[in-house]
Amino acid sequence: MEVRINVSRQQVEKVFGLEEYWCQCVAWSSSGTTKSQKAYIRIAYLRKNFEQEPLAKEVSLEQGIVLPCRPPEGIPPAEVEWLRNEDLVDPSLDPNVYITREHSLVVRQARLADTANYTCVAKNIVARRRSASAAVIVYVDGSWSPWSKWSACGLDCTHWRSRECSDPAPRNGGEECQGADLDSRNCTSDLCVHTASGPEDVALYVGLIAVAVCLVLLLLVLILVYCRKKEGLDSDVADSSILTSGFQPVSIKPSKADNPHLLTIQPDLSTTTTTYQGSLCPRQDGPSPKFQLTNGHLLSPLGGGRHTLHHSSPTSEAEEFVSRLSTQTYFRSLPRGTSNMTYGTFNFLGGRLMIPNTGISLLIPPDAIPRGKIYEIYLTLHKPEDVRLPLAGCQTLLSPIVSCGPPGVLLTRPVILAMDHCGEPSPDSWSLRLKKQSCEGSWEDVLHLGEEAPSHLYYCQLEASACYVFTEQLGRFALVGEALSVAAAKRLKLLLFAPLACTSLEYNIRVYCLHDTHDALKEVVQLEKQLGGQLIQEPRVLHFKDSYHNLRLSIHDVPSSLWKSKLLVSYQEIPFYHIWNGTQQYLHCTFTLERVSPSTSDLACKLWVWQVEGDGQSFNINFNITKDTRFAELLALESEGGVPALVGPSAFKIPFLIRQKIISSLDPPCSRGADWRTLAQKLHLDSHLSFFASKPSPTAMILNLWEARHFPNGNLSQLAAAVAGLGQPDAGLFTVSEAEC
């Protein structure tokens with residue numbers, strides 16, 4: 001008898017190279033052929049990406065929680081377990097939780113102890129996969145304790161009682177109690193104690209009246225002094241003799257004897273301090289925010305008829321200012337550090353705030369702050385995960401989330417908030433909206449780009465990579481887009497980082513996928529500096545389309561005799577929604593290469609990046625892992641020059657006096673067209689003519705926008721040439737060279 005074993009192989013899935021085998025025993029004898037049953041052998045595997053991952057949630061106490069999880073496809077099917085802060089969740093030990101047949105984790109009634117990071121873990125005999133962690137926050141809304149007993153009746157025939165927001169107290173961002181914590185009322189007649197007024201009481205009343213009369217007389221004297229100084233300010237600024245100096249910048253040094261007309265900036269040591277309480281923003285989760293503002297005289301008389309303009313500078317350190325702001329409750333997530341925040345003290349001369357290397361700035365034009373007022377203004381960049389920004393449907397975050405404040409301050413002119421965006425602006429592909437957070441914490445659409453009303457409180461100049469928002473109300477803003485077609489695309493930036501040197505048998509290459517904005521680039525560079533990584537290739541731009549397909553990355557052409565990849569699959573994926581919603585930072589994947597030859601140092605390979613069912617883009621990686629290539633040489637962050645806060649004339653390219661001369665010359669309509677409308681056309685801003693015309697000074701709006709777009713590297717001579725070419729009779733006053741300015 002002869003026995004043979006037949007083996008057949010059938011490939012069932014090409015992408016992952018999975019194969020199925022069967023074998024059969026066949027015996028031949030004189031009596032015939034005998035075959036055994038087929039035995040099947042399948043190759044076990046477990047894919048990398050989860051079909052559904054748990055999402056972060058915020059729930060109230062005793063509310064139910066459901067965290068879904070669909071594990072990756074695998075053979076044999078993966079088993080699922082849940083981790084709470086890296087500790088295994090065991091339903092047999094905690095009757096408040098259970099895991100469904102679909103692998104979802106259910107918490108019947110949320111407790112404070114359930115606030116944690118939850119991770120879904122899938123495993124089989126081949127591998128173990130972890131989902132992205134989902135942060136669950138269980139918050140508690142505050143509730144009042146019972147009223148205390150009424151106090152004893154006082155001499156004023158009233159008594160009071162109190163209560164506290166402690167039953168329970170708000171926890172983990174819960175709402176504060178609503179209502180008053182103190183109550184008073186008149187006592188009944190039998191409890192009220194009346195006393196007759198004696199000679200001592202009469203003397204007390206007479207003394208109080210005398211003090212009140214003295215205070216009134218002192219107030220009248222101060223008002224008269226203020227009015228006289230204000231008249232001196234108006235006459236000095238209106239003096240036409242100082243406007244003939246041409247495009248010369250205003251000096252901030254002490255004036256010389258031969259230049260009595262120059263304005264000098266000195267600190268105002270005579271200002272008084274009052275408390276400003278924003279009336280436009282009611283209490284959100286605590287007492288109304290209060291900020292210290294200064295009201296005082298801006299002009300002090302000097303000898304010889306000259307005047308000195310005063311403007312204040314911050315008197316406290318950045319840490320003290322942020323600490324004071326952190327006690328306010330209008331913005332719950334105001335950062336406690338100063339790296340993404342700047343502030344300054346401003347008066348009617350205006351100024352500028354900038355957060356370096358983020359593309360974010362706030363321009364405060366002259367006369368935006370009422371004369372006689374001094375405001376302390378801040379500018380803050382928020383991390384997306386720190387702010388609740390609800391996005392509906394196909395909406396996506398295109399810009400950083402930026403706050404400027406304090407909210408509710410009175411502005412007489414629009415300020416301009418500048419920030420980057422990563423959209424490819426096209427009216428056929430995008431519907432763009434400017435969102436603003438209300439005092440109650442909800443987000444509202446305050447502007448639909450392309451449908452602006454000329455008299456609207458908000459307006460936006462949208463450019464290829466930046467937007468400039470005109471607003472007369474400070475607050476928290478973000479630019480959100482909704483795709484109208486599959487042609488809508490976001491600009492992403494790919495950055496490749498790796499260790500400075502390979503000190504082990506493994507080498508990790510980290511590929512970041514970020515919004516193409518300065519603030520996202522700054523955060524990753526700072527993170528990699530801490531990790532000791534270097535940029536191994538110049539950043540590349542990728543246009544990511546609204547196609548619902550994931551982004552795939554793979555490394556090719558790795559010399560197999562020197563290196564090998566430790567990945568079990570041929571590529572890695574970043575889910576579409578993780579990229580599209582724009583609220584997740586530091587999206588990246590890591591490729592781990594293992595050294596085959598101990599003496600290997602050089603490595604040259606190719607990175608492929610493509611969107612599923614989309615166009616693939618190839619990025620070559622050629623580098624030496626032992627060479628100290630500093631990413632400062634490859635990644636040159638644009639310098640935004642100067643200090644974060646600039647106050648007064650130094651914050652503007654156009655000198656203050658020449659600015660006033662241009663405004664007075666171009667605001668009046670001209671029959672020959674040589675007015676502000678022609679200037680807007682020369683600067684390619686004629687699409688905003690209706691908005692400019694709705695303002696008291698259209699020329700001022702044009703110059704403000706030019707300042708916001710071109711600081712600090714604007715070509716002032718080009719602006720001077722545009723003004724001089726309008727054909728005004730006195731246009732020669734505006735002719736100036738860049739060196740003279």
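Student: Why is N85 called partly exposed?
Tutor: Its relative accessible area is 43%. Buried means under 20%, exposed means over 50%, and partly exposed is what lies in between, with a 1.4 Å probe and protein chains only. So N85, at 43%, counts as partly exposed. One heads-up: this is a predicted model, where local features need pLDDT of at least 70, side-chain atom pairs count only at pLDDT 80 or more, and totals for chains, interfaces and linings use all residues. Residues are numbered from 1 along each chain as its sequence is written, and side-chain values use heavy atoms, with hydrogens and water left out.

Student: Where does N85 sit, and what is notable about its phi?
Tutor: N85 is in the loop between β9 (79-84) and β10 (87-88). Helices (H or I, at least four residues) and strands (E, at least two) are DSSP runs, numbered from the N terminus. Phi of N85 is near 55°, a positive value in a residue other than glycine.

Student: And E62: what makes it buried or exposed?
Tutor: E62 has a relative accessible area of 57%, so with the cut-off at over 50% it goes down as exposed. E62 is in the loop between β6 (57-60) and β7 (65-67), and it has a positive phi of about 70° although it is not a glycine.

Student: How do you know that E528 is buried?
Tutor: The relative accessible area of E528 is 0%, and buried needs under 20%, so E528 qualifies. E528 belongs to helix α3 (residues 518-531). Leaving aside neighbours within four places in sequence, E528 is in contact (heavy atoms within 4.5 Å) with F497, R510, Y512 and G533.

Student: What makes K695 buried, given its value?
Tutor: K695 comes out at 12%. That is under 20%, so K695 counts as buried. K695 lies in the loop between α8 (689-693) and α9. Beyond neighbours within four places in sequence, K695 is in contact with P414, H456, E472 and M701. K695 and R413 are 282 residues apart in sequence, yet 8.8 Å apart in space, C-alpha to C-alpha.

Student: Which residues does I702 touch, and why is I702 called buried?
Tutor: I702, found in helix α9, has 0% relative accessibility, so it counts as buried under the 20% cut-off. Not counting residues up to four places away in sequence, I702 touches W676, L679, A680, L683, L685 and F692. Take W676: I702 is 26 residues from it in sequence and 8.1 Å from it in space, C-alpha to C-alpha.

Student: Why is α6 called oblique to α9?
Tutor: Helix α6 (residues 656-666) and helix α9 (residues 698-710) pack at an angle of about 135°, with their axes 8 Å apart. That makes α6 oblique to α9, because angles under 35 degrees count as roughly parallel, over 145 as roughly antiparallel, 65 to 115 as roughly perpendicular and the rest as oblique. The axes are lines fitted to C-alpha atoms, for helices over the stretch in contact, and angles run from 0 to 180 degrees between N-to-C directions. R659, I662, I663 and L666 of α6 make the contact with T699, A700, L703 and N704 of α9.

Student: How do you know that the largest nonpolar core lies between two domains?
Tutor: A nonpolar core is a set of buried Ala, Val, Leu, Ile, Met, Phe, Trp, Tyr and Cys residues joined through side-chain atoms within 4.5 Å. The largest one has 65 residues, and L362, I377 and L379 have the most contacts inside it. Domain 3 (344-483) and domain 4 (489-638) both give residues to this core, so it lies between them; the domain bounds come from an automatic or database domain assignment. A second, separate core of 38 residues includes Y459, Y468, L666 and L679.

Student: Which peptide bonds are cis?
Tutor: Among them are D167 to P168, with omega near 0°, and G405 to P406, with omega about 15°. P168 is in the loop between β16 (158-162) and β17 (182-186), while P406 is in the loop between β28 (401-405) and β29 (415-420).

Student: How many helices and strands does the protein have, and how much of it is buried?
Tutor: There are 10 helices and 45 strands, and 44% of the 741 residues count as buried.
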